[in-house]
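Subject: A structure for you to look at

Hello,

Here is the structure I promised to pass on to you. Please open it alongside this email, and then read on for what turned up.

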Amino acid sequence: AAASVSEGEMTASRHRHARSPAVAPLDDDDLLSEILVRLPPQPSSLPRASLVCKRWRRLVSDPAFCRRFRLRHRRSAPLLGFFDIFCNISFIPTLEAPNRIPPGRFSLQLDHGDGDFMSLGCRHRLVLIYLTKRLQILAWDPVTADQHRLAIPPAVVACASKTPVNGAVLRAAGDVQHF
């Protein structure tokens, strides 16, 4: 028996298979960027998103997007790890895979002549270290591996052997690299 299909049924069938208008907004880079900026602030989120396609890679690697992502998640950023100041200032990761940062990623490379050192603290992504042999303070950025050495003033050197040495590091607001 031959089945007969009415014209109305064929039109309804075509409409069901037509592209849904809800898909069209994802063609808009601004809307997709708004969605991607809401990804969790885990270290693996953006690299994984960048693997989806070239368009997503372009969006999440854009410097303006990265600034927005950092600003949105600055108060909810995960603790990647901490520095054990009693064990050669070694990095101890706190996250599980795939977000775990390898301990060697944030290793401090000192010169052979630096001798003993003492950690004075961490703040604003900088680690402050007292190099006792060189009589210097080292401000180290573990993310970029930048090191800034400051000579200890002679008046402080005279007292350093008799009193404890303390210090704090502050970084200027914004993207300024002064501290």
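A residue is called buried when its relative accessible area is under 20%, exposed when it is over 50%, and partly exposed in between. By that scale E34, at 34% relative accessibility, counts as partly exposed. Please keep in mind that this is a predicted model.

E34 is a good place to start, since two findings meet there.

**Helix 2 and helix 5**

Take a look at helix 2 (residues 29-36) and helix 5 (residues 63-73): their axes cross at roughly 35 degrees and come within 10 Å. The crossing of these two helices is right-handed. On the helix 2 side, the contact is made by S33, E34 and L36, and on the helix 5 side by F65, R68 and F69. Sorted by character, the residues of this contact are three nonpolar, one polar and two charged.

Two residues of that contact, E34 and R68, also form a salt bridge, in which the closest N and O atoms are 2.5 Å apart. The pair links distant parts of the chain, with R68 in helix 5 and E34 in helix 2, 34 residues apart. Like E34, which is partly exposed at 34%, R68 counts as partly exposed because its relative accessibility is 32%.

**Helix 2 and helix 4**

How many salt bridges does the structure hold? There are four, and besides the one between R68 and E34, I would point you to two that involve D29.

In one of them, the side chain of D29 meets that of R55, at 2.7 Å from N to O. R55 sits in helix 4 (residues 54-61) and D29 in helix 2, so many positions along the chain lie between them: the two are 26 residues apart. The side chain of R58 meets D29 as well, at 3.0 Å from N to O. This pair also links distant parts of the chain, with R58 in helix 4 and D29 in helix 2, 29 residues apart. D29, R55 and R58 are thus linked in a network of salt bridges.

Are these three residues buried, partly exposed or exposed? D29 is partly exposed, with a relative accessible area of 23%. R55 counts as partly exposed at 25% relative accessibility, and R58 is partly exposed too, with a relative accessible area of 46%.

I hope you enjoy exploring it.

Best wishes

How values were computed:
Residues numbered from 1 in each chain as written. Predicted model: local features only at pLDDT ≥ 70, side-chain atom pairs only at ≥ 80, totals over all residues. Heavy atoms only, no water. Axes fitted to C-alpha atoms, helices over the stretch in contact; angles between N-to-C directions. Helix = DSSP H or I, 4+ residues; strand = E, 2+ residues; numbered from the N terminus. Left-handed = near helix turned anticlockwise from the far one by under 90°. Contact = heavy atoms within 4.5 Å. Nonpolar A, V, L, I, M, F, W, Y, C, P; charged D, E, K, R; others polar. Buried < 20%, exposed > 50% of the residue type's maximum accessible area, 1.4 Å probe, protein only.
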